[in-house]
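Biologist: I would like to learn how to read a structure like this one, feature by feature. Could we begin with the charged side chains and then move on to the sheet?

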Amino acid sequence: MLVVASSGIASLLVLGGRIAHSRFKILIDLHDESTCNITQQMKVAELVRKADLIIWDEAPMMHRRAFEAVDRTLRDLMQLDDAHATEKIFGGKIVVLGGDFCQILHVVPKGGREDIVGASLPRSHLWQHVIILRVHINMRVMATNSKEQRKFAKWC
């Protein structure tokens, strides 16, 4: 399992977590045909190929092109193990994207609402393959003895 996050703070909250840019070697300046800076011979490529699951926290903070670059890269890397990997989303890897679209979206410098929405994950061609699961009960807060925390969790 690989655990990544879109921000450094979120990556610190998970044991073994890394920033997505670091783990997948995502380029800073992305365009519609970008791939990650990983080759088949790199150790990180072997790590990615061995992973059964990728968990990506704070996903709404990333530009859609970052996910598309990771998708193209994983399709390429997984070809060694699966001849049909190029036809599968994320090369056939299970990717769990976590985050709340109501909290924060990707920052587009000098961009307006249209630019920000256009950079969001739901505007990606990958979005049609996403299955949305919603968390209805905050188990961590509900396990506490604090009535105030439980009341706040219900309010959120």
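Modeller: A salt bridge is a side-chain nitrogen of Lys or Arg within 4 Å of a carboxyl oxygen of Asp or Glu. Before we apply this, note that the model is predicted, that local features need pLDDT (the predictor's confidence in each residue, from 0 to 100) of at least 70, and that side-chain atom pairs count only at pLDDT 80 or more, whereas totals for chains, interfaces and linings use all residues. Residues are numbered from 1 along each chain as its sequence is written, and side-chain values use heavy atoms, with hydrogens and water left out.

Biologist: How many salt bridges does this rule give?

Modeller: The count comes to six. In one of them aspartate 71 meets arginine 75, with the closest N and O atoms 3.0 Å apart, and both residues lie in helix 4, four residues apart, which is about one turn of the helix. Helices (H or I, at least four residues) and strands (E, at least two) are DSSP runs, numbered from the N terminus.

Biologist: Are aspartate 71 and arginine 75 buried or exposed?

Modeller: Buried means under 20% relative accessible area, exposed over 50%, and partly exposed in between, with a 1.4 Å probe and protein chains only. Both aspartate 71 and arginine 75 are buried. In helix 3 (residues 43-50), by comparison, lysine 50 and glutamate 46 meet in a salt bridge of 2.9 Å, N to O, and there lysine 50 is exposed because its relative accessible area is 59%, while glutamate 46, at 39%, is partly exposed.

Biologist: In what order do the strands of the sheet stand?

Modeller: Two strands pair if DSSP finds at least two bridges between them. Here four strands form an open sheet in the order 2-1-3-4, with parallel pairing. Strand 2 (18-19) and strand 4 (94-97) stand at the edges with a single partner strand each, so one side of each has no neighbour in the sheet.

Biologist: Which way do the side chains of strand 1 point?

Modeller: In a regular strand the side chains alternate between the two faces of the sheet. From strand 1, Leu2 and Val4 point one way and Val3 and Ala5 the other, and all are buried.

Biologist: Where is confidence lowest in the protein chain?

Modeller: Where pLDDT is low, the predicted coordinates should not be read in detail. Confidence is lowest in helix 6 (residues 139-142), at a mean of 68, and highest in helix 4 (residues 64-77), at 98. The mean pLDDT of the protein chain is 90, and 94% of its residues reach 70 or more.
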